[in-house]
Amino acid sequence: MGSVSLKIGDGTARFRRATLCSSAVNILMLFSVVTTNLFALYAFSSSSNSPKDQHRLLLHQTHKNISLISEQVSLILREIDSSQKKLAQMEKDLLGYDSIDLTRPNTPTELKAFLNHHTLPLGKDSRTGITEMVASVGHSCEKSAELLSQYMSYKASAPCPDDWSLAQRLILRGCEPLPRRRCFPKAVPKVGLSSFPFSLWKNVSAKSVTWSGLGCKNFECLSSKKLSRECVGCFDLGSGAEKQRFVKARSKNDFVIDDVLALGGGGMRVGFDLGGGSGTFAARMAERNVTVITNTLNIDAPYSEFIAARGLFPLFLSLDHRFPFYDNVFDLVHAASGLDVGGKPEKFEFLMFDIDRILRPGGLFWFDNFHCANEERKKDLTRLIERFGYKKLKWVVGVDTASGSIYLSAVLQKPVRKYTAFNIVMKFLQYRNKGINCLFSLLQTDGRG
């Protein structure tokens, strides 16, 4: 007598008239249910009608049910625990996070010696609560196990291999901090060094730095290359544009150091320069009695040794590493395009929060010609800065007419934050309202579509 159709998505489920076989099955199932109920009725009716027996039977049944429920709960908890362990392992596999396997064949003896836990000879330390010394090594070293084994393959108490470039490769792969080694590094005679402050602007001798692993073997070769946006001829200290940086503006995006320091209202003593090229920013600040640490790596040039030869402080550290400084200690942080960790929004956000952590309240954050690939990138950066509540003391946006690239220069002042319950609630409501408005806009757009 036809069929009934139920439309589900693009498919159709059809329920046809029951056949003789399916009817027999239904009758059999009905018979089974009736029989089961009759047996149950007989069992209850045949039991003793004594109240004491009924109470004993009820207690027995209750205990049995509780035991059954306990077993089921235990089973569920074991399943949850097993699932959590599986998810944690999946997360480790995705992140590449795992402990270094010291049982791997050909693992260097020195690596095992460094990574093994060393129990304190006098037991638990009363001040720190620790019972053993544990080596600090970046978890991403596991992903570069072969390079790490190569780095730790050396003869103890002998000269180290000339492999600083290998160490830098490991650092750039996230293997940071590196394990310590028990060998003596190659000694390069530091000839022709001048005393401070004359060292700030005297050209460094090529014989006083290490050139192994680099394409260029002298500073004349480096001066003819554009190593980065911040280093075009930056190793030529005698003449050229490097000596004019930070004291003479070349465009509207260039700020002069004295103008920026005046915005801080005094009290500038220590600063941090991110991706500081050959150290010229730190040199100019040193002339104004401000100590600046310059973060750098030796990518295509001997930046660290060159900066040190100028009498300045180089910090050999990648931007993926948490800054090794206490909270709220710097009066000034200077950063240029080297801050843009590969254009990855999440990594950049973590970096910004770490900069905010080390900058004191009232301190200055100087964005110097920060390169934005397009208008959308500039908007993302602006929104991120606004989340911190910094005061905009200077804000200049320039556009390169040839490439269309956008450059942002800004001087921002960190606020004094007071985290009261009221402020936290207001922040929550602010972001909640933004989320609701965004969702409403999406719904409107979807409705129009």
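In what order do the seven strands of the open sheet stand? Let's find out in this predicted model.

**Stop 1: the sheet.** Select strands S7 to S13 and read across: the order is S9-S8-S7-S10-S11-S13-S12, and the pairing is mixed. As background, strands of a sheet pair through backbone hydrogen bonds, either parallel or antiparallel.

**Stop 2: the edges.** Now pick out S9 (313-316) and S12 (391-399). Each has a single partner strand, so one side of each is left without a neighbour in the sheet. Look across the whole sheet as well: its neighbouring strands are turned by 15° against each other on average, direction ignored.

**Stop 3: one pair of strands.** Select residues 359-372, which form S11, together with residues 406-413, which form S13. These two strands run antiparallel and are joined by seven bridges. To see one bridge pair, highlight Phe 370 and its partner in S13, Leu 408.

**Stop 4: two helices on the sheet.** Add helix H10 (residues 345-358), which packs on the sheet and touches S7 (270-274), S10 (330-335) and S11. The direction of H10 makes about 145° with that of S11. Next, show helix H11 (residues 375-388), which also packs on the sheet, where it touches S11, S12 and S13. For H11, the angle with the direction of S11 is about 180°.

**Stop 5: a serine in a loop.** Finally, go to Ser 140, in the loop between strand S4 (132-133) and helix H4 (145-151). Is Ser 140 buried or exposed? Ser 140 counts as buried, because its relative accessibility is 9%. Leaving aside residues up to four places away in sequence, Ser 140 touches Arg 173, Gly 174 and Cys 175.

Note on methods
Residues numbered from 1 in each chain as written. Predicted model: local features only at pLDDT ≥ 70, side-chain atom pairs only at ≥ 80, totals over all residues. Heavy atoms only, no water. Pairing = 2+ DSSP bridges. Helix = DSSP H or I, 4+ residues; strand = E, 2+ residues; numbered from the N terminus. Axes fitted to C-alpha atoms, helices over the stretch in contact; angles between N-to-C directions. Contact = heavy atoms within 4.5 Å. Buried < 20%, exposed > 50% of the residue type's maximum accessible area, 1.4 Å probe, protein only.
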